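Please work through the exercises below with the sequence and the structure at hand. Each task is followed by a solution in steps.

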Amino acid sequence: MLFSKLPRTDEFEKVALPHLNELYRTAARLLGDGTKAEDVVQETYLHAWKSFARFEPGTNCRAWLFKILVNTIHHHRRNWFNLRRVQESEEILEKTAACAAPVPLRMAQEEILRALSRLPSDYRTAVLLADVEEFSYKEIAGLLGVPIGTVMSRLSRGRKLLREQLSELARSYGIGPAGREGSA
Amino acid sequence: MNTGPHAKNDGDATCEQMRAHLDAYLSRELPDATSQEVQRHLEICSRCTADLETRASIRAQLQAAVRAATVPGGLEAKIRRAVRGRVSRPRTGLWAVAAAAAVILCVILIGVLRVQSNPEEAILRKTSGRLAAVLKVGLRDHLECAVFRKYSKQPVDASQMAADLGPAFADLAPLIQAKLPHNFRVIQGHRCKAGGRQYTHLIMSGGGKTVSLILTRKEAGESLSGGIHQAGVDRFQVVGFESHDYLAYVISDMDAGQTLQLEADLAPTVREYLAGHAG
């Protein structure tokens with residue numbers, strides 16, 4: 001009984017490996033470090049493989065893998081890696097990015113990634129899952145294990161902080177409101 | 001041309017309300033009725049339409065930036081190997097379970113023995129990564145010197161401490177003492193070695209807690225990128241900061257907030273002191 005449903009590596013690889021790219025890029029942005037992201041993604045696949053017997057074919061494999069990824073990262077953070085740049089704590093961020101201004105329509109990718117990396121990690125996770133990986137709010141609540149209201153408030157604050165940081169950046173470049181008025 | 005509904009008195013309030021929905025609108029997460037309401041408003045309000053475009057543009061750029069990352073070559077192969085390496089599964093029932101249980105028991109026993117034989121290593125093993133490696137430099141000394149090595153809990157007198165610290169750091173202890181909360185005392189100050197590396201180490205005690213201030217000269221490539229970093233490992237909190245030539249750590253068995261507060265109390269004095277030691 002115990003071994004009656006042996007999962008197949010071929011089948012596992014076929015359903016799970018196509019998501020490697022998405023898992024890796026999310027891990028890289030959540031951890032801010034490519035090497036750590038590699039380790040965590042590999043660990044995610046090993047966890048997934050170990051519990052593949054319990055995975056029901058036809059259900060959302062991508063959400064299942066992301067849930068394992070989020071848990072793996074969370075576990076790492078709790079056990080040791082609660083590394084954080086103190087200057088970038090949420091409180092200080094909120095203080096320095098208090099007022100909104102127009103955002104230039106085109107910005108360098110590194111600037112955007114830098115702004116993203118400065119979001120508190122709960123907000124960053126929500127924004128990545130919703131706005132980049134395009135999970136529904138309900139799916140995000142499921143894979144983070146939090147109520148949907150929490151997802152919505154993290155998203156709202158995360159998106160606002162990101163906008164504010166990017167407009168701060170725009171100001172520092174001297175890109176003002178004038179840059180966006182011409183289209184009327 | 002860009003007027004829209006703003007001639008109306010309630011225009012701004014409506015816009016405010018609508019803008020709160022714009023991101024959810026983009027994500028198609030609004031209930032139908034609200035979504036239609038937003039849609040109708042957008043048709044007549046150029047300002048909110050521009051706002052929506054900005055949000056959509058940020059989202060598109062964010063997607064492009066994040067999705068530009070490419071998976072490192074070899075990761076997929078590594079995962080395939082790792083998964084296939086775990087394929088050898090038992091073919092029959094009970095005896096295999098028993099054998100597996102025996103193996104697990106052995107592993108647990110070996111694990112326990114290892115932890116007992118070298119508790120520092122057990123804690124240090126939990127750390128990895130580049131930044132962690134730098135924080136670990138300080139943690140190692142704290143563990144070896146302040147936690148697992150026997151040292152006298154009796155405060156050492158000031159002149160002894162000055163002698164133990166050596167000429168370069170002889171006057172450090174009183175400066176640090178002056179910045180400590182009133183119930184804390186510097187009880188030890190000395191030079192020590194851990195993992196072949198030289199440290200300057202103050203041990204402070206108060207309220208049943210032990211705190212280390214640890215300084216060590218940077219080695220090639222070591223940096224905390226100018227920031228203050230904090231990590232919790234096992235029951236210890238490590239806060240690391242740096243000067244031009246030195247790495248500095250406040251390590252304690254207090255909670256994260258208290259450790260960070262103590263670091264904030266000490267760091268300016270330490271930085272200033274180290275600046276005087278440049279070279």
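The exercises concern a predicted model and proceed from the chains to helix packing, cysteines and single residues.

**Exercise 1. Chain composition**

Determine how many helices and strands there are in chain A and in chain B, and what share of the residues of each chain is buried.

Solution.
- Step 1: Chain A contains nine helices and one strand. Read from the N terminus, the order of its elements is α-α-α-α-β-α-α-α-α-α.
- Step 2: Chain B contains eleven helices and six strands.
- Step 3: In chain A, 50% of the 184 residues are buried. In chain B, 43% of the 279 residues are buried.
- Step 4: Consider the contacts in chain A between residues at least 6 apart in sequence; 75% of them join residues at least 24 apart. For chain B, residues 24 or more positions apart account for 58% of the contacts with a separation of 6 or more.

**Exercise 2. A helix pair within chain A**

Describe how H2(A) and H7(A) are oriented to each other, and state which residues of the two helices meet.

Solution.
- Step 1: Helix H2 of chain A spans residues 20–31 and helix H7 of chain A spans residues 121–132; their axes are 10 Å apart and the packing angle is about 155°.
- Step 2: An angle over 145 degrees counts as roughly antiparallel. H2(A) and H7(A) are therefore roughly antiparallel.
- Step 3: The crossing of H2(A) and H7(A) is right-handed.
- Step 4: From H2(A), A:Thr26, A:Arg29 and A:Leu30 meet A:Arg124, A:Thr125 and A:Leu128 of H7(A). By class, the residues of this contact are two nonpolar, two polar and two charged.

**Exercise 3. Helix pairs between the chains**

Describe the packing of H6(A) with H4(B) and of H3(A) with H5(B), and classify the residues of each contact.

Solution.
- Step 1: Helix H6 of chain A (residues 109–117) and helix H4 of chain B (residues 46–67) have axes that come within 9 Å and cross at roughly 95°. Because of this angle, H6(A) is roughly perpendicular to H4(B).
- Step 2: H6(A) contributes A:Gln109, A:Ile112, A:Leu113 and A:Leu116 to the contact, and H4(B) contributes B:Gln61, B:Leu62, B:Ala64, B:Ala65 and B:Val66. These residues divide into seven nonpolar and two polar, with no charged residues.
- Step 3: For helix H3 of chain A (residues 34–50) and helix H5 of chain B (residues 75–84), the axes come within 10 Å and cross at roughly 35°. The crossing of H3(A) and H5(B) is right-handed.
- Step 4: On the side of H3(A), the contact is made by A:Glu38, A:Val41, A:Gln42, A:Tyr45, A:Leu46 and A:Trp49; on the side of H5(B), by B:Leu75, B:Lys78, B:Ile79, B:Ala82 and B:Val83. Eight residues of this contact are nonpolar, one is polar and two are charged.

**Exercise 4. Cysteines without a disulfide**

Establish how many disulfides a search of the whole structure finds, and explain why B:Cys45 has no bond to the closest cysteine sulfur.

Solution.
- Step 1: Over all chains, the search finds zero disulfides.
- Step 2: A disulfide requires two cysteine sulfur atoms within 2.5 Å. The cysteine sulfur closest to that of B:Cys45 belongs to B:Cys48 and is 3.7 Å away, so it is too far for a bond.
- Step 3: B:Cys48 is likewise in no disulfide, and its nearest cysteine sulfur, that of B:Cys15, lies 3.7 Å away.
- Step 4: B:Cys45 is buried, at 1% relative accessibility, and B:Cys48 is buried with a relative accessible area of 1%.

**Exercise 5. Positive phi and exposure**

Locate A:Glu134 and B:Arg28, and decide whether each is buried or exposed.

Solution.
- Step 1: A:Glu134 is not a glycine, yet its phi is positive, at about 55°. A:Glu134 sits in the loop between H7 and helix H8 (137–144) of chain A.
- Step 2: Exposed means over 50% relative accessible area. A:Glu134 has 54% relative accessibility and therefore counts as exposed.
- Step 3: B:Arg28, also a residue other than glycine, has a positive phi near 55°. B:Arg28 is in the loop between helix H2 (22–26) and helix H3 (32–44) of chain B.
- Step 4: With a relative accessible area of 78%, B:Arg28 is exposed.

**Exercise 6. A strand residue**

State where B:Ile187 lies and whether B:Ile187 is buried or exposed.

Solution.
- Step 1: B:Ile187 belongs to strand E1 of chain B, residues 185–194.
- Step 2: B:Ile187 has 5% relative accessibility and so counts as buried.
- Step 3: From C-alpha to C-alpha, B:Ile187 and B:Ala158 are 9.4 Å apart in space, while 29 residues apart in sequence.

Notes:
Residues numbered from 1 in each chain as written. Chains lettered and ligands numbered in written order. Predicted model: local features only at pLDDT ≥ 70, side-chain atom pairs only at ≥ 80, totals over all residues. Heavy atoms only, no water. Buried < 20%, exposed > 50% of the residue type's maximum accessible area, 1.4 Å probe, protein only. Axes fitted to C-alpha atoms, helices over the stretch in contact; angles between N-to-C directions. Helix = DSSP H or I, 4+ residues; strand = E, 2+ residues; numbered from the N terminus. Parallel < 35°, antiparallel > 145°, perpendicular 65-115°, else oblique. Left-handed = near helix turned anticlockwise from the far one by under 90°. Contact = heavy atoms within 4.5 Å. Nonpolar A, V, L, I, M, F, W, Y, C, P; charged D, E, K, R; others polar.
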